[in-house]
Amino acid sequence: MEPQLLHSIADGVATVVIHHPAKRNAMTADMWRALPPLLDTLAHDPAVRVLVLTGEGGTFCAGADISSLRGSTGQAQGLAVRAEEALAAFPKPTLAAVRGYCVGGGCQLAAACDLRFTDEQAAFGITPAKLGIVYAASSTRRLVSLVGPATAKYLLFSGELIDAGRALRTGLVDEVLPAGELDARVAEFARILVSRSQLTQAAAKEFADGRSDRDGYWARQAREGDDTAEGIAAFLERRPPDFTWTTSDRWAPPENAGNR
């Protein structure tokens, strides 16, 4: 099978699989190009409430396919940043399920997700210093927001790998699971996210990501929507809520997402 991004949708969860096992799921130029339009399609699909990004087999992603850097490194980096920004802008909760190597462009993609769950055997690294590449400014800032400047400098200056335990301590990942338990935990947590209010999630995602120009919009959505009333009624009646507000028919990608 050619290197590609595979995807499936089941029970409200879209799963995107980085599939290039011959090169530890390294991202080719075509794979970087394919991610933004795929995300746009999934963002507008009302059947999708959560997105899980993972890699084929025992590796998440070993980074960019180095053979794709033989031409213009600037062009190759632009494709990676465009994909990263499209993933960060995805309006629904995103979760990276990481096993094995999560290196370079793979770590860039994982960092662009809202949450990162990993197994205890995973290894993380960002390696542009090994190639003499200037890591993109937006990617560097995102990394600093996750792990702080000291750990970001450690990773970027050295290109060394860190284990899952250190990744958890520094904030790079949110949960570390014993070997063999990652898939079950990701499925369980995705079900939890699917059951929650998309209104709450979408507003919280924008606020947490630092957007400050839509406070009035979200206040209006809360007033005009039914999720708050439904959530309170369901709590009082001791039943699961049936939230109806959806992101899919309201979302457009930010003007700069996918166009860098």
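# A guided tour of the predicted model

Select G231 to begin: apart from residues up to four places away in sequence, G231 touches P241 and F243. The structure on display is a predicted model. G231 has its place in helix α9, and with a relative accessible area of 23% this residue is partly exposed. Now add Q4 to the selection. G231 and Q4 are 227 residues apart in sequence, and their C-alpha atoms are 40 Å apart in space.

Remain with helix α9, which covers residues 227–236 and includes L236. L236 is exposed, with a relative accessible area of 65%. Which residues form a nonpolar patch on the surface with L236? Select I232 and F235: with L236 they make up that patch, and together the three have about 390 Å² of accessible area.

**The sheet**

Next, display strands β5, β7 and β8. They form an open sheet of three strands in the order β5-β7-β8, and the pairing is mixed. Strands β5 (101–103) and β8 (162–163) stand at the edges; each has a single partner strand, so one side of each is left without a neighbour in the sheet. Between β5 and β7 (residues 123–125) there are three bridges, and these two strands run parallel. To see one pairing, select Y101, whose bridge partner in β7 is A123. Then add helix α3 (residues 105–112), which packs on the sheet and touches β5 and β7. The direction of helix α3 makes about 90 degrees with that of β5.

**A buried threonine**

Proceed to T170, found in helix α5 (residues 164–170). Is T170 buried or exposed? Its relative accessibility is 19%, and T170 therefore counts as buried, the limit for that class being under 20%. Leaving aside neighbours within four places in sequence, T170 is in contact with L146, V147 and T151.

**Salt bridges**

The last part of the tour concerns charged side chains. Side chains of opposite charge can pair when their charged atoms come close. The count for this model comes to 14 salt bridges.

Select D30 and R33, whose side chains meet in a salt bridge with an N to O distance of 3.0 Å. Both belong to helix α1 (residues 29–43), and because they are three residues apart there, about one helical turn separates them. D30 counts as exposed at 56% relative accessibility, whereas R33 counts as partly exposed at 38%.

Move to D114 and K205, where the side chains meet in a salt bridge at 2.9 Å, N to O. This pair links distant parts of the chain, with the two positions 91 residues apart: D114 is in the loop between α3 and β6 (115–119), and K205 is in helix α7 (residues 198–208). D114 counts as partly exposed at 27% relative accessibility, while K205 is buried, with a relative accessible area of 11%.

Then select E188 and R185. They form a salt bridge in which the closest N and O atoms are 2.8 Å apart. Both lie in helix α6 (residues 182–195), three residues apart, which is about one turn of the helix. E188 is partly exposed, with a relative accessible area of 38%, but R185 counts as buried at 18% relative accessibility.

Finally, select E206, R211, D213 and R214 together: a network of salt bridges links these four residues.

How values were computed:
Residues numbered from 1 in each chain as written. Predicted model: local features only at pLDDT ≥ 70, side-chain atom pairs only at ≥ 80, totals over all residues. Heavy atoms only, no water. Helix = DSSP H or I, 4+ residues; strand = E, 2+ residues; numbered from the N terminus. Buried < 20%, exposed > 50% of the residue type's maximum accessible area, 1.4 Å probe, protein only. Contact = heavy atoms within 4.5 Å. Pairing = 2+ DSSP bridges. Axes fitted to C-alpha atoms, helices over the stretch in contact; angles between N-to-C directions. Patch = residues over 30% accessible without salt bridge, like charges linked within 9 Å, V, L, I, M, F, W, Y side chains within 5 Å. Areas by Shrake-Rupley, 256 points an atom, 1.4 Å probe, with all protein chains shown as cover.
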